[in-house]
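The exercises below are meant to be worked through with the sequence and the coordinates open side by side. Each task is followed by a solution that proceeds in steps.

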Amino acid sequence: MRKALRSVGAMALVALLVLGSNKANACTNVLITKNASADGSTMISYAADSHVLFGELYYWPAQNHPDDAMLDIHEWDTGKYLGQIKQVPHTYRVIGNMNENQVSIAETTFGGRPELRDTTGIIDYGSLIYVALQRAESARDAINIMTSLVEEYGYYSSGESFSIADPDEVWIMEMISKGPNNKGAVWVARKIPDGYISAHANQARITTFPLNDEENVIYSKDVISFARENGYFDGKNKDFSFADAYAPLDYGAIRFCEARVWSAFRQVNQEEADKYEDFILGESEERMPLFFKPQNKVSARDVMNIMRDHFEGTALDMTKDAGAGAYKVPYRWRPLTWEVDGEEYLNERAIATQQTGFSFVAQMRNWLHDPIGGILWFSVDDADASVYVPMYAGIQSAPHEFAVGNGNMLEFSWDAAFWVFNWVSNMSYSRYSYMIKDIRKVQQELEDKFEQMQPAIDNTASTLYEQDPELAEQFLTDYTHNQARITVKKWQELGQFLMIKYLDGNIHPEKDGKFLKNEYGNPHSPEYPGYNEEYYRNVVKDAGEKLKMKEVSQD
């Protein structure tokens, strides 16, 4: 593999492509089919990772539009105006990345060949997602809408992988534009086989694909011929690989991107995934398959925990090297690559990361009415230290705590979920090994409650729906808004608790969340945890005799 890949020095290019734009540019998706899930639902997950993306829940109500209506398109990453497209007569309600028909779409940017970027196009990847969600009735419908839009208006963005799902089918589609003033895009969409899961993380993953299976594979008519014309491929059609032609691997793509896919696969089928550890370390040419069969059925809670991964228990475990410090912090501040004495090194890039704007697990259930069957389990900030709150497809508005306009990246708001969760997580990074245990207690308490209440909420909403769909939606809206408010309040209280408990590097003893007092009613003497032995040994190794206690002569 080392001979087949570009050198580690090429990582700067990968970092530019993967991390260079402003918004959701270094993300992770996991895709779950019906017979791979514990309850028969389909699921896709998404972490929108960016250092300047404010985590909030987007909301568009269903609307009717006049025949001559036009829609302004602004680039999702920057807000730049790109042009106008024709509006459709009716658009569907959209809650975050799920619409009222239980269609959900997520993405990761792989960049690909830079010369193929079409800056004359009107549709960027973010607009493609949210316009399609407002128009699509199914996953296949969304694919047709997205590909038709770029064909008509041009594709402004670089290479993109999309997760597209409805209650019955889960698809991955990969797309890249064809260069300046060459309207359209080349693309391939593959349906994930039922009973399997897939994942992608900023690297194109569709390699070879069946050329005559319209039920499971759809692709642009020129996806192979365009690659031939540009010198990206010269073999037989059956051997054509989209990823190899349009986004060739290098070591950075493997270590920063494919490693996250590997870690996700490993959590559902460790035995099979471990065969590809050498590939992740750049020591094998055997690529991972596009999809894996899990050893056990996967629940929504399982997917949430995948989104909290830092390579724990693997050769890339971020809590194990010196960069984790004394408190086993699984985070590394950017940049991803750095130099010492002329040699280039890297920081691992895990699924869970500090710069996440928002994250979700979209769950689609075909046995329930759409407003009830669709749940967008939504969180903001670092998924590891956040809570997935249920946002039903039938809600009539976004909760205030998660709503657009409540705070932004430069305006702190004490009732904005994004800022409250960031306050707690950033506090925890200084004493992670201690604080994460306290965070987990509250996180699990809330998510356990949501899970336990879900059957009753579903049943009540279903009963109301049979009487009056509007009444069911109002019930779901009230429930969702209440849970959002309770969650943010709990997290405010958690932040205050952590501040007191770990004040000034000490640990103030507590029991069941109540701080202990001495017999006089004053604070109990704190514990002084210091550091672990490994940390002290490293200090001794570095400082030598300077810090050694010495006997002083009394003569």
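**Exercise 1. The open sheet**

Task: In this predicted model, establish in what order the strands of the 7-stranded open sheet follow one another, and which strands are its edges.

Solution: The 7 strands are arranged in the order β16-β14-β1-β2-β19-β20-β21, and their pairing is antiparallel. The edges are β16 (291–292) and β21 (389–392), since each of these pairs on one side only. Turning to the β21 edge, one finds that strand β20 (residues 375–380) runs antiparallel to β21 and is joined to it by 4 bridges, with F378 standing opposite V389 of β21.

**Exercise 2. Strand β12 and its partners**

Task: Decide whether strand β12 (residues 170–177) is enclosed or open to the surroundings, and then identify the strands with which β12 pairs.

Solution: Begin with the burial of the strand, taking buried to mean under 20% relative accessible area. By that criterion 8 of the 8 residues of β12 are buried, so the strand is largely enclosed by the rest of the structure. Next, separate the two faces: V170, I172, E174 and I176 lie on one side, W171, M173, M175 and S177 lie on the other, and all of them are buried.

Finally, follow the pairing. Strand β11 (residues 159–165) pairs with β12 in the antiparallel sense over 6 bridges, S163 standing opposite I172, and a hairpin of 4 linking residues leads from β11 to β12. Strand β13 (residues 185–191) is also antiparallel to β12, here over 7 bridges, and in this pair S177 stands opposite A185.

**Exercise 3. A hairpin with a positive phi**

Task: Describe the hairpin formed by β5 and β6, and find which residue in its turn has a positive phi.

Solution: Strand β5 (residues 70–74) and strand β6 (residues 81–86) are antiparallel and share 5 bridges, and L71 has I85 of β6 as its bridge partner. Between the two strands of this hairpin there are 6 residues, and the turn includes G79, whose phi is positive at about 85°.

**Exercise 4. Helix α2 and its cap**

Task: Determine how many residues of helix α2 (residues 125–133) are buried, and which residue caps its N-terminal end.

Solution: Counting along the helix gives 9 of its 9 residues as buried, so that α2 is mostly covered; among them are Y125, L128, I129 and L133. At the N-terminal end the cap is supplied by D124, one of whose side-chain oxygens lies 3.2 Å from the backbone nitrogen of G126.

**Exercise 5. Two loop residues and a surface patch**

Task: Classify S241, Y196 and Y345 as buried, partly exposed or exposed, and place each of them in the chain.

Solution: S241 belongs to the loop between α4 (223–229) and α5 (242–246), and with a relative accessible area of 7% it is buried. Beyond residues up to four places away in sequence, S241 touches I206, T207 and T208.

Y196 is found in the loop between β13 and β14 (197–200), and its relative accessibility of 28% makes it partly exposed. Although Y196 and F291 are 95 residues apart along the chain, their C-alpha atoms are separated by 6.2 Å; outside its neighbours within four places in sequence, the contacts of Y196 include L31, A36, F291 and P294.

Y345 lies in strand β18 (residues 343–346) and is partly exposed at 39% relative accessibility. Together with W338 and V340, Y345 makes a nonpolar surface patch of about 270 Å².

Methods
Residues numbered from 1 in each chain as written. Predicted model: local features only at pLDDT ≥ 70, side-chain atom pairs only at ≥ 80, totals over all residues. Heavy atoms only, no water. Patch = residues over 30% accessible without salt bridge, like charges linked within 9 Å, V, L, I, M, F, W, Y side chains within 5 Å. Areas by Shrake-Rupley, 256 points an atom, 1.4 Å probe, with all protein chains shown as cover. Salt bridge = Lys/Arg side-chain N within 4 Å of Asp/Glu carboxyl O. Buried < 20%, exposed > 50% of the residue type's maximum accessible area, 1.4 Å probe, protein only. Pairing = 2+ DSSP bridges. Polar contact = N/O pair within 3.5 Å; in protein donor to acceptor, adjacent residues only side chain to side chain. Contact = heavy atoms within 4.5 Å.
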